[in-house]
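This report describes the ligand site, the pockets, the cavity and selected backbone features of the structure shown below. The spaces within the protein are treated before the ligand contacts and the backbone.

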Amino acid sequence: MFSIFKKFKDGLKKTAQGALGGILDLFSKKISESDIDFIEETLYGADFGWDTTSDITEAIRNAYKREKELRGKDAAQIGSDVLSRILEGSEGELKIAQNAPTVICLVGVNGSGKTTTAAKLASLIKKSGKSVVLGACDTFRAAANEQIKTWAERLDVDLVASSHGADSAAVAWDAFQAAKSRGADFLILDTAGRLHNKENLMNELAKIRRVLEKNDPTAPQNSIIVVDGSLGSNSIEQAKAFDKAFKLSAMIITKLDGTSKGGALAGIYRQLKLPILYVGLGERAEDLQKFDVKAYCNSIFGLDEN
Ligand SMILES: Nc1nc2c(ncn2[C@@H]2O[C@H](COP(=O)(O)OP(=O)(O)OP(=O)(O)O)[C@@H](O)[C@H]2O)c(=O)[nH]1
Ligand SMILES: [Mg+2]
């Protein structure tokens, strides 16, 4: 049977078995104070950050003071509960436009997973019975058009692209017009990766926004930063700069499958307080999961579904 939990569990295996593996070994054993110190180090090593690490270990220490028979599994449950509270309110939904197309614009630093995520979203939307157009606004990187074209063909979705070096805002305009005239429900714009401190590149995003707003004052309904979850806290400053230049509505965190540092997501959410719509748990079109706090927290602490 399909289970979001199983997907999370498989996807987060590296964090759960790698960095937190030592905690799993404590599951059926009575824990000691030094085990709690070990849990603290382990959480920190998995990029949970100081605040979250100390919130979790403090709760475990308090429980340990009350109950000396505390087992590793109880500690993991406490960890999962504390993390769930930290992430309360972080699950988000795509915002739907009053008049189609709903525009989703993906931004972020180089290699964060924007193009792959654009393809994954297109696949998800198509599977839900809605129509979608992809817009290739990455006119900067030479191989970008080929990459998104391959995805569009594979998924059998419409693509609007231009030539390498063309004005990305002009592509956004053309893609919007095409989506509108074809009566598409969604338009997904993939943009070029850019460093958050390169002012001219950040200004280009503002131009894309202006062009979209000219077509529909409420567009883009979804301005999403795609964050590489394996890079940890570096992403926070970057996301702040993107928010300033492009007004973000949400985040998608990718590559949580390939990292032993799956805890970074908590730090990113704590700092940015932007809803997390989806997480990337692999490289295939179907490896995009709606973010589910409970499934994430339980998977990361190696707990069962309930
Ligand atoms: N394991 C894993 N790999 C991913 C995920 N998302 C993307 N990738 C891989 O990360 C690499 C970069 O992905 P792209 O989608 O090209 O990233 P991008 O942000 O479009 O890159 P630029 O356009 O160059 O800025 C590719 O090899 C993807 O297959 C994910 O969730 N998990
Ligand atoms: Mg790309």
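By the rule applied here, the count comes to one cavity of 30 Å³ or more. The structure is a predicted model, and every value reported is computed from it.

**Cavity**

The volume of the largest cavity is about 60 Å³. Its lining consists of Val109, Ser112, Ile225, Val226, Val227, Asp228, Leu231, Ser235, Gln238 and Ala239. Two elements, strand E5 (222-228) and helix H11 (234-246), each supply at least two residues of this lining. Strand E5 gives the most, with four residues. By class, the lining of the largest cavity comprises six nonpolar, three polar and one charged residues.

**Pockets**

The open pockets are described next, beginning with the one that holds the ligand. Ligand 1 sits in the largest pocket, whose volume is about 450 Å³. The lining of this pocket is made of 24 residues, and those closest to its centre are Gly111, Ser112, Gly113, Lys114 and Thr116. Ser112 also belongs to the lining of the largest cavity. Helix H7 provides the largest share of the lining of the largest pocket, namely five residues. That lining divides into three nonpolar, 14 polar and seven charged residues.

The second largest pocket has a volume of about 250 Å³. It is lined by 15 residues, of which Phe48, Gly49, Trp50, Ser233 and Gly267 lie nearest its centre. Helix H5 (49-66) and helix H12 (264-272) each supply at least two residues of the lining, and H12 gives the most, with five residues. Here the classes are six nonpolar, six polar and three charged residues.

**Ligand site**

The surroundings of ligand 1 comprise 20 residues, the closest being Lys114, Thr115, Thr116, Asp257 and Glu283. Of these, Lys114 and Thr116 are also among the residues closest to the centre of the largest pocket. Helix H7 (residues 114-127) gives the most to the shell around the ligand, with four residues. By class, the shell has two nonpolar, 11 polar and seven charged residues.

Three polar contacts of ligand 1 are set out in the table.

| Protein partner | Atom of ligand 1 | Distance |
|---|---|---|
| Thr115, N or O atom in the side chain | oxygen | 2.8 Å |
| Lys255, polar backbone atom | oxygen | 3.0 Å |
| Asp257, polar side-chain atom | nitrogen | 2.7 Å |

Thr115 and Asp257 thus appear both in the table and among the closest residues of the shell. The contact of Asp257 involves a nitrogen atom of ligand 1, whereas the contact of Thr115 involves an oxygen atom of the ligand. For Lys255, the partner of the ligand oxygen belongs to the backbone. On its own, ligand 1 has 650 Å² of accessible area, of which the protein covers 81%.

**Backbone features**

Where do the cis peptide bonds that precede Pro101 and Pro220 lie in relation to the helices and strands? The bond between Ala100 and Pro101 is cis, with omega of about 0°. Pro101 is placed in the loop between helix H6 (72-86) and strand E1 (102-107). A cis peptide bond also joins Ala219 and Pro220, and there omega is about -5°. Pro220 lies in the loop between helix H10 (199-215) and E5. Strand E5 is the element that gives the most to the lining of the largest cavity.

Asp47 is a residue other than glycine with a positive phi, near 70°. Asp47 is found in the loop between helix H4 (33-45) and H5. Helix H5 is one of the elements that supply at least two residues of the lining of the second largest pocket.

Conventions:
Residues numbered from 1 in each chain as written. Chains lettered and ligands numbered in written order. Predicted model: local features only at pLDDT ≥ 70, side-chain atom pairs only at ≥ 80, totals over all residues. Heavy atoms only, no water. Near = heavy atom within 4 Å. Polar contact = N/O pair within 3.5 Å; in protein donor to acceptor, adjacent residues only side chain to side chain. Areas by Shrake-Rupley, 256 points an atom, 1.4 Å probe, with all protein chains shown as cover. 1 Å grid on protein atoms, 1.4 Å probe; cavity = no way out; pocket = protein on both sides within 12 Å on 5 of 7 lines; lining within 4 Å. Sits in = over half its atoms within 2 Å of the grid points. Nonpolar A, V, L, I, M, F, W, Y, C, P; charged D, E, K, R; others polar. Points joined across faces, edges and corners; volume = space filled by probe spheres on them.
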